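Work through the exercises below with the sequence and the model at hand. Each task is followed by a stepwise solution.

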Amino acid sequence: MNGYIALSATDLALGSLLVLANAALSLALHLGVHRRLLIAAVRMVVQLSLMGLVLATLFSHVSPWWTGLAALVMVLFAGREATARQDRPLAGWWSFGLGTSCMSMAACLVTIFALTTALRPDPWYDPRYAIPLLGMILGNTMTGVSLGLNTLTNGLAQRRSGVEARLMLGAPRFEALGPVIRDALRNALMPTINSMSATGVVSLPGMMTGQILGGVAPMEAVKYQILIMFLIAGGTGIGAVGAVMGGVFRLTDARHRLRLDRLRPLSGE
Amino acid sequence: MLVISQLSRSGLAPASFSLDYGECVAVRGPSGAGKSLLLRSIVDLDPNSGEVSLDGVAREAMDGPAWRRLVGYLPAEPGWWDDRVGRHFSDWATALPLVERLGLPADAGDWPLTRPSTGERMRLALVRALTQSPKVLLLDEPTAALDAASVSVVEAMIAERVRDGLAVLWVTHDAAQGERVARRFLRVEAGQVREEAA
């Protein structure tokens, strides 16, 4: 590494003027978002600073336990976030449980795969590699899982009569739910496909930009980014298939009935 | 013979009756009394309890799809899942004679699903259910949206099938239709099912 330009508090304060300008715009145009904007900006600063402290501590104590604990906390937050994004979540603990277990399984599997084959840090659980890698894969897997589950539950609720018509004619559940399942998986994978095709032309990925700003040679940063994209695609696919199929099993039963009674009722129902 | 014993679910008190092959039984009762719940429970589309068997074979002895191929159900608002009419039929050629007899053109299979009217959809759904060759057919107001001429064609078509041995449970609000198609009657009121005199 060639070293990098360190930022001072004054530099950040200067940058924050842009957010203040946004808030002023909101006030002038009566957009009503200035409060939320400022709170979000403060949250971002606090959360990232805490993250920085946590990472600094983690990096100085290379321990599988602390790395594992950090991973667990990340997974739980991701699960909560994915659950909050559902229009019609599964009733009870199923929504949180299914989403969280599928995305943690997929993200951990893919992260460990990368750590033991391509990257091979020593030890393999070195938090300097494991945590950022898991974070990036988990974030994308979360999007895929929550989109997939949301498309599945909304699709089944909206296309109920069509799905039941096929069941009535003697179709097994996977055939009757087929079009909805395919839509759910397609929607889950779409952001990954879109970001792969736009990367490098429309957008420069944050991780690659960060590495370049940090002094890494562009080609090296690009290789890292390519690997990350593959890992994200793999994690999203595994997580989405698990979550959507789990959702199908939960929303049907062994008698091949559609069980929308296992969705949380919409308010007003 | 379809034998139903102590069939119940929420909104439906335990119901017991039987239905013979070659028999059409009319089901009457006010809206919201539980007629559709009864039919849905018989085809096992909702969780329910009780025993239902066909020719002495309990429905639990086979999987849900196999049961529903034997016991067909035409709901009051049939569902559709594709954007072409013909794709809802396992074989449009087999369906064609029935489609034409019900007054629909042969090219209706190529129609987009937005084209058929409510009455036409009802007739198409009836053909779809009949071409599955069920042994029992549950009909929920199959002629509600039809003109008088189509009503007689549907009634004649079902009557022929009944003569050939089909067992039919026919929900109707039309007292005269009940008298025309059935000799036995069930009355559903506030979730209670009971046999009723003509």
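**Exercise 1.** Find the residues with the most contacts inside the largest nonpolar core, and the helix that gives the most to this core.

Solution. The model is a predicted one.
- Step 1: The largest nonpolar core holds 75 residues. Those with the most contacts inside it are A:Leu156, B:Leu2, B:Ile42, B:Leu138 and B:Leu169.
- Step 2: With 11 residues, helix α5 (residues 127-158) of chain A gives the most to this core.
- Step 3: Leaving aside residues up to four places away in sequence, A:Leu156 touches A:Val163, A:Leu177, A:Val180, A:Leu251, A:Leu258 and A:Leu260.
- Step 4: Another core, of 36 residues, lies apart from the largest one; B:Cys24, B:Phe89, B:Leu126 and B:Ile158 are among its members.

**Exercise 2.** Describe the contact between chain B and chain A by residues and buried area.

Solution.
- Step 1: Chain B puts 23 residues into the contact and chain A 17 residues.
- Step 2: About 1700 Å² is buried between the two chains, and carbon and sulfur atoms give 53% of that area.
- Step 3: Of the area that chain B buries against chain A, 35% comes from B:Leu45, B:Arg68 and B:Trp81, more than from any other three residues.

**Exercise 3.** Characterise the polar side of the contact between chain B and chain A.

Solution.
- Step 1: Three salt bridges are counted between chain B and chain A. In one of the salt bridges, A:Arg257 meets B:Asp44 at 2.5 Å, N to O.
- Step 2: Between chain B and chain A, 10 residue pairs are in polar contact, both residues at pLDDT 80 or more.
- Step 3: On the side of chain B that touches chain A, the elements giving two or more residues are α2 (64-70) and α4 (118-130) of chain B. α2(B) gives the most, five residues.
- Step 4: By class, this side of chain B has 10 nonpolar, four polar and nine charged residues.

Conventions
Residues numbered from 1 in each chain as written. Chains lettered and ligands numbered in written order. Predicted model: local features only at pLDDT ≥ 70, side-chain atom pairs only at ≥ 80, totals over all residues. Heavy atoms only, no water. Contact = heavy atoms within 4.5 Å. Buried area = accessible area lost by both parts, 1.4 Å probe. Salt bridge = Lys/Arg side-chain N within 4 Å of Asp/Glu carboxyl O. Polar contact = N/O pair within 3.5 Å; in protein donor to acceptor, adjacent residues only side chain to side chain. Helix = DSSP H or I, 4+ residues; strand = E, 2+ residues; numbered from the N terminus. Nonpolar A, V, L, I, M, F, W, Y, C, P; charged D, E, K, R; others polar. Core = buried A, V, L, I, M, F, W, Y, C linked by side-chain atoms within 4.5 Å. Buried < 20%, exposed > 50% of the residue type's maximum accessible area, 1.4 Å probe, protein only.
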